[in-house]
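Reader: I'm new to this one. Please walk me through it, one question at a time.

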Amino acid sequence: MSTQEQQPPETEEEAEAEQAVETEPGAPAETPGERRRRERAERRTAERAPSTDEVEGPTVHLKVYRYDPEVEGKAEPRFDDFYVPREEGMTVLDALMYARDHYDSSLTFRHSCRQGVCGSDALFVNGTQMLGCQTQISDLDDPVRIEPLPHQDVVKDLVVDMEHFYERMHAVEPYFDPDDEPPGEMEEYRQSRENREKIKMATRCIWCGACASSCTIAATDEQYLGPAAINAAYRFAMDEREGDDRMEERMGIVEQEHGVWRCQTQFSCTQVCPKDIPLTEHIQELKREAVKQNLKFW
Amino acid sequence: MSEAYDRGKIEDYGRWREFSAGMWAWVLHKFTGWVLIGYLFTHIPVLSTAGTGEYEATLQTLEAIALVRVAEVGLLAVAVFHILNGVRLLFVDLGVGLEAQDKSFYASLIVTGAITVASVPTFMQGVF
């Protein structure tokens, strides 16, 4: 409240300061606080200005999937058009946020870090799964069609239910379980550089679900582990420090009917992975590993 | 998941366009595989008559029909693609050249096309 009470004199001061800057260049410059306040006010008026429907300059045409089962009249899926001012370096997520902030505050989508780390804004853009924050608008054809990830339940607009994906991720027991303790107390579990290099790409998974959504097998076979879960299994199966018992158990899960053998090497997961994980390669390697374990003639 | 996947009429619009090289390779491999299986099964009733002269007579009648000749070219294309893509899949299973999987698919398509075209004069000899 106190700041609001001080408001009127501040604006007067600002006006005076501006006049001073304009009229006499030699006069004492405004204090940093005043400058900041003035800039903020200017920015606020600038933001308020384009509230009219017309946007000047080049725009991006977004066609966004809309669906809200809780509101009558929105329960039937449809596409909404948004014309967002095109900016240099604009990503799909930026465009969506602009549309939400300026046109329709009910537009719903997940996002958090905006830099491809949290994995919450995997979207189906122009027919391909990709991270909204990692995709430049300039790389896409106009209009940009944005849909929620296919093969998952839509909760609202672009938000899909990830529960099934998480279930499968947990199904492969993705945690480290070595047989023996490291030699000394408080000692680290050492890993060779070569081994680290081998599992490096597999550790990059951000659980965005793009791969599982692109996989035609996962789309038709609900029990199929899916690329991300198999990749998580690979990350631990290929870790030289992993304990033998856990390794065997995990291979048992992976080589089941709905495990690695369901993969038909269509490479769609590898193509859409925003972290460039060679998923198909990892699945194929686990297949070979499973064969090796089962064909022990010695 | 399949029943929950229904997103209304707009769901399946243009969905096949998102197919990539690996997906087409898979679809074509399945398709050619089924064609070859079907072709093999047609031999079961015919082979039992081998030696009686009926087999040869049947084949000669069939060979005389132009449409059968065309279908034979198609059969060759199907077999060649299935062989080449099968070799490609063997390499994929061995983890060799996974980065070039799309190129090898296109290559097998082109080679299939070349062999098919080259075979046309042989198959069509004396029909027209």
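Reader: How many residues of domain 1 of chain A are in contact with domain 2 of chain A, and how many on the other side?
Author: Quick heads-up: this is a predicted model, where local features need pLDDT of at least 70 and side-chain atom pairs count only at pLDDT 80 or more, while totals for chains, interfaces and linings use all residues. Residues are numbered from 1 along each chain as its sequence is written, with chains lettered from A and ligands numbered from 1 in the order in which they are written. Chain A splits into domain 1 (59-160) and domain 2 (163-294), bounds that come from an automatic or database domain assignment. Counting a contact when C-beta atoms, placed from the backbone, lie within 7 Å, the tally is 14 residues of domain 1 against 11 residues of domain 2.

Reader: Which element gives the largest share of the side of domain 1 that touches domain 2?
Author: The centres of the two domains of chain A, taken over C-alpha atoms, are 30 Å apart. On the domain 1 side of the contact, one element supplies 4 residues, the largest share. Elements here are DSSP runs numbered from the N terminus: helices are H or I with at least four residues, and strands are E with at least two. The one you want is strand β4 (residues 128-131) of chain A.

Reader: Where does the largest nonpolar core lie relative to the two domains of chain A?
Author: A nonpolar core is a set of buried Ala, Val, Leu, Ile, Met, Phe, Trp, Tyr and Cys residues joined through C-beta atoms within 7 Å. The largest one here has 61 residues, and those with the most contacts inside it include A:L62, A:V92 and A:A233. Domain 1 and domain 2 of chain A both give residues to this core, so its place is between them.

Reader: And which helix gives the largest share of that core?
Author: It's a chain A helix that puts in 8 residues. A:A233, one of the residues with the most contacts inside the core, is in contact with A:V172, A:R250, A:V254 and A:L286, once neighbours within four places in sequence are left aside. The helix with the largest share is α9 (residues 227-237).

Reader: How are α5(A) and α9(A) oriented to each other: roughly parallel or roughly antiparallel?
Author: Two packed helices are described by the angle between their axes and the distance between the axes. For α5 (residues 163-171) and α9 of chain A, the axes come within 8 Å and cross at roughly 25 degrees. The contact is made by A:R168, A:M169 and A:A171 on α5(A) and A:A228, A:A229 and A:A232 on α9(A). Angles under 35 degrees count as roughly parallel and those over 145 as roughly antiparallel (65 to 115 is roughly perpendicular, the rest oblique), so this pair is roughly parallel.

Reader: Which peptide bond partner does A:P143 have in the cis bond?
Author: A:P143 sits in the loop between β4 and β5 (144-147) of chain A. Its cis bond has an omega of about -5 degrees. The partner is A:D142.

Reader: What is phi of A:N126, near enough?
Author: A:N126 is in the loop between β3 (122-125) and β4 of chain A. Its phi is positive although the residue is not glycine. The value is near 45 degrees.

Reader: Is A:W207 buried or partly exposed?
Author: A:W207 lies in the loop between α6 (193-199) and α7 (210-214) of chain A, and its phi is positive too, near 55 degrees. Buried takes 20 or more other C-beta atoms within 10 Å of the residue's own, exposed takes 12 or fewer, and partly exposed is in between, with C-beta atoms placed from the backbone. With 17 such atoms, A:W207 is partly exposed.

Reader: What pattern does chain B follow along its sequence?
Author: Chain B has 128 residues, of which 12% count as buried. Its secondary structure comes to 4 helices and 0 strands. Read along the sequence, that gives α-α-α-α.

Reader: Which chain A residues does B:V92 touch?
Author: B:V92 belongs to helix α3 (residues 66-94) of chain B. The residue is buried, as 21 other C-beta atoms lie within 10 Å. Leaving out residues up to four places away in sequence, B:V92 touches B:L98 and B:Q101 in chain B, plus A:T265 and A:Q284.

Notes: Two residues are in contact if their C-beta atoms, placed from the backbone, lie within 7 Å. Axes are lines fitted to C-alpha atoms, for helices over the stretch in contact, and angles run from 0 to 180 degrees between N-to-C directions.
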